[in-house]
Amino acid sequence: MRPCRTALVYSPLFGNFNFGDDHPFKLQRNRLAYDLMGAYGLLDLPNMQIRDCQQASEELLLTFHDAAYIARLKEFSSSEEPRADFRFGLGDADCPVFKGVYDYAALGAGATCEAVRLVVEEGVDIAFNMNGGWHHAHRSRASGFSYLNDAVVAINWLIARGRRVLYLDIDAHHGDGVQEAFYDTDQVLTISLHESGIYFYPGTGFEDEIGEGRGKGYSVNVPLLAHTDDAMYMKAFDEVAYPLIAAFNPDIIVTQIGADTFRTDPLTNLEITTHSYGEMLSKIKRLKIPWVALGGGGYDLMNTARAWTLAWAIMNGIKLNPRLPPAFIDKIELLGYRNRVLMDAMHWADEGERVLALGAVEKSIARIKKTIFPGILGSYGAPSS
Ligand SMILES: [Zn+2]
């Protein structure tokens, strides 16, 4: 059997940009993840390659984005002065305008397009772009740290080549921009597991958002309450996402694997660890479907580095020592981190909070099985049980 071929799309240029010292999104996390992968020997494996990337062309960006929005983003990007245009979501606290913001966003989109191209045109089985997954970018509006929607642009490229695509989003936030782009098509099945929009940004992603027209039944949302832990998250994945992926049997899977679901993330309230995160990714890998993974959120830098290193190891079929490499520990100690382990033990939320969150997830699953499952499992054949 041919060994699994993987590609890490990585550009050191991402380190040249900065959202500002007070902004929770820190581009240093890419470097930290890259260094941890290196410390584990994961950047020098026989069947992997590291590929650089270019900015996505305007032609590709315009398959989703509005021309006036792109023009304004470009104009602001070249200015030294902080600028704002709230019609386009530019210049607020979440989406600051900094010099080179267009180059930064177009490079992220280019990295995702390159990951997809490697899989489609060069026979790579799994490609990973840590600096992608900007799922809140809308057609003509920046939102939630996202300026250009790399996943949508790359999926548009796939659709133009006749591919059926499964988009799975396990970031703590609803993948609203991606859902919106494919809400009326059955060519893309979007599945998002996220903290509930009842109280949490971006305020969407409820079970009754199931798509419209030809796309009815092809948007799937599992909102989760605060304190959802490893076991509950796995339940949602096993009972909703996994059977739908298997039944839809796409030509390619695009996943947004944000690490802001983790228990100590400063912006979110879910209680996930490497335990369920790794389990989910292992299950996706076992499907043996061409796979493109995008980084997404993650605001505790060491969690993010640990999560994506684990993800890259799983993609390459490597089992890692659960203790961090000593040389890496020495290095991060100088930066003030006290982490010692890569793998967390499975985590259980406090009993009272668990009961509430579990009740909510069970209700959501039951609803989705009623509204979504008959269509997808019916049209593509339910796995016999
Ligand atoms: Zn997020």
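These are my notebook entries on a predicted model, covering confidence, a few helices, backbone oddities and some single residues.

**Confidence**

I started with pLDDT, since this is a predicted model. The mean over the protein chain is 95, and 98% of the residues reach 70 or more. Then I looked for the weak spot: pLDDT stays under 50 over residues 381-385. For that stretch the model has six contacts beyond four places in sequence.

**Helix α8**

Next I pulled up α8, residues 274-286. I get 13 residues and a reach of 18 Å from the first C-alpha to the last, close to the 18 Å expected at 1.5 Å a residue. Which of its residues are buried? My list reads T274, S276, Y277, M280, L281 and I284. I noted the general point that an α-helix has 3.6 residues a turn, so residues three or four places apart point the same way. What do the buried residues of α8 pack against? I found two helices, α7 (230-248) and α9 (301-315), along with the strands β7 (252-256) and β8 (291-294).

After α8 comes K288, with a positive phi near 55°. This residue is not a glycine, so I marked K288 for the backbone entry, where positive phi is what I was looking for.

**α7 against α11**

I wanted the geometry of this helix pair. General reminder to myself: two packed helices are described by the angle between their axes and the distance between the axes. For α7 and α11 (residues 351-371), the angle is about 5° and the axes are 10 Å apart. That makes α7 roughly parallel to α11. Who makes the contact? From α7 I have M232, K235, A236, E239 and V240; from α11 I have A357, L358, V361, I365 and I368. Sorted by type, the contact residues come out as eight nonpolar, no polar and two charged.

**Helix α5**

I then checked how enclosed α5 (residues 150-160) is. Eight of its eleven residues are buried, so the rest of the structure largely encloses this helix. The buried ones are D150, A151, V152, V153, A154, I155, N156 and L158. An Asp and an Asn are on that list, as D150 and N156. G162 follows α5, and its phi is positive, near 80°.

**Backbone oddities**

Background for this search: most residues other than glycine have a negative phi, and most peptide bonds are trans. So what turned up against that background?

- Y201 and P202 are joined by a cis peptide bond, with omega about 0°. P202 sits in the loop between β5 (188-195) and β6 (219-224).
- H227 has a positive phi near 75° and is not a glycine. I find H227 in the loop between β6 and α7. Buried or exposed? H227 is partly exposed, with 19 other C-beta atoms within 10 Å, and the cut-off for buried is 20 or more.
- K288 belongs here too, with phi near 55° in a residue other than glycine. The loop that holds K288 runs between α8 and β8. I count 10 C-beta neighbours inside 10 Å, so K288 is exposed.

**Single residues**

F262: I located F262 in the loop between β7 and α8. It is buried, with 26 other C-beta atoms within 10 Å. Leaving out residues up to four places away in sequence, F262 touches I272, T273, D300, N303 and A307. I also took the separation to G197: 65 residues in sequence, and 18 Å in space, C-alpha to C-alpha.

Y242: this residue is in helix α7. It has 18 C-beta neighbours inside 10 Å and counts as partly exposed. With the same sequence exclusion, Y242 touches F237 and K283. Y242 and I126 are 116 residues apart along the chain, and 18 Å separates their C-alpha atoms.

T204: I found T204 in the loop between β5 and β6, the loop that also has P202. With 17 C-beta neighbours inside 10 Å, T204 counts as partly exposed. Which residues does T204 touch, not counting residues up to four places away in sequence? They are H174, D176, G197 and E209. As for L43, it is 161 residues from T204 along the chain, and their C-alpha atoms are separated by 38 Å.

Terms used: Residues numbered from 1 in each chain as written. Predicted model: local features only at pLDDT ≥ 70, side-chain atom pairs only at ≥ 80, totals over all residues. Helix = DSSP H or I, 4+ residues; strand = E, 2+ residues; numbered from the N terminus. Expected span 1.5 Å × (residues − 1). Buried ≥ 20, exposed ≤ 12 C-beta atoms within 10 Å, placed from the backbone. Contact = placed C-beta atoms within 7 Å. Axes fitted to C-alpha atoms, helices over the stretch in contact; angles between N-to-C directions. Parallel < 35°, antiparallel > 145°, perpendicular 65-115°, else oblique. Nonpolar A, V, L, I, M, F, W, Y, C, P; charged D, E, K, R; others polar. pLDDT = per-residue confidence, 0-100.
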